[in-house]
Amino acid sequence: MAYLTAIGTNQPLLGAIKIESTKAVGGQTDATSVRVKRRDMSGAVWTTLATFNVANVDGLTFSFLDKNVLTGRTYRYAITPVVGSTEQTAVNVNVACLFNSIFISDTSGDYMASLNMAYKANKNMPVSYVQPLSSKYPHAVRNSLANYFSGNVEGIFIPFTADCLPDTTNMNTYKDSAIEMLSNGLVKTLRTYDGHGWLVNIDGEPSRNTDGFYNADTISFNWTEVGVFPTTGVVML
């Protein structure tokens, strides 16, 4: 008999996937923990997102957001009850991730550019050239393993209401908060509307660029990739 049931939904305004688990009516009650795994359906590698203890049967009812997902990909989640150290039959949920914005996130919050957005990503592979005296062409020398992206982002950062409408009342405060977040010195994740994701540091001074139309001003910033994009990012609800 099953321990739980689960559903998954795409959350485009959060750039996340929401998973909701509910204890099964009349189901087994001896689970001591739950393990959540995920894999990109284009591959076969499972990643353990979270393992948490279950104090009683009510612990099988929970929900969370998976934030470090990329648009255009379908993910499979395995929610597995564990008794002691023995995994029981998993409940599998498939969810397609789709969003049309640029998301910049760190531990302090998430901000979204949804209008007039654009980004640039440059591949950095340091190289120098030596001009041999007896050669028509220079000789390329690469003494570094460096291989990373850097670039810039610009767009209108705007919040939305629960009805999926632009929240013009809070737009100015949202943009001010986005500038503060971009200036806090924390490493961030950057995710784009076409399925790319990087772990980045914000370079220099992020800018708020005024426009002749009220609320149409953009925010722009430069960024440099500083590590591997994280595979986990669960936020319990």
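## Fold, core and S105

Contacts (heavy atoms within 4.5 Å) are mostly long-range here: of those in the protein chain with a separation of 6 or more, 65% join residues 24 or more positions apart. This is a predicted model, where local features need pLDDT of at least 70, side-chain atom pairs count only at pLDDT 80 or more, and totals for chains, interfaces and linings use all residues. Residues are numbered from 1 along each chain as its sequence is written, and side-chain values use heavy atoms, with hydrogens and water left out.

The protein chain holds 1 helix and 17 strands. These are DSSP runs numbered from the N terminus: helices are H or I with at least four residues, strands E with at least two.

| Property of the protein chain | Value |
|---|---|
| C-alpha span along principal axes | about 80 × 55 × 25 Å |
| Share of the 237 residues that is buried (under 20% relative accessible area, 1.4 Å probe, protein chains only) | 39% |

The largest nonpolar core has 44 residues. Such a core is a set of buried Ala, Val, Leu, Ile, Met, Phe, Trp, Tyr and Cys residues joined through side-chain atoms within 4.5 Å. Y77, I79, I104 and F157 touch the most other members. Helix 1 (residues 171-182) gives the largest share, 5 residues. Beyond four places in sequence, F157 touches residues including I104, Y111, M171 and F221.

S105 lies in strand 9 (residues 102-106). S105 counts as buried because its relative accessibility is 5%. Contacts of S105 beyond four places in sequence include D110, M181 and R191.

Methods
Buried means under 20% relative accessible area, exposed over 50%, partly exposed in between (1.4 Å probe, protein chains only).
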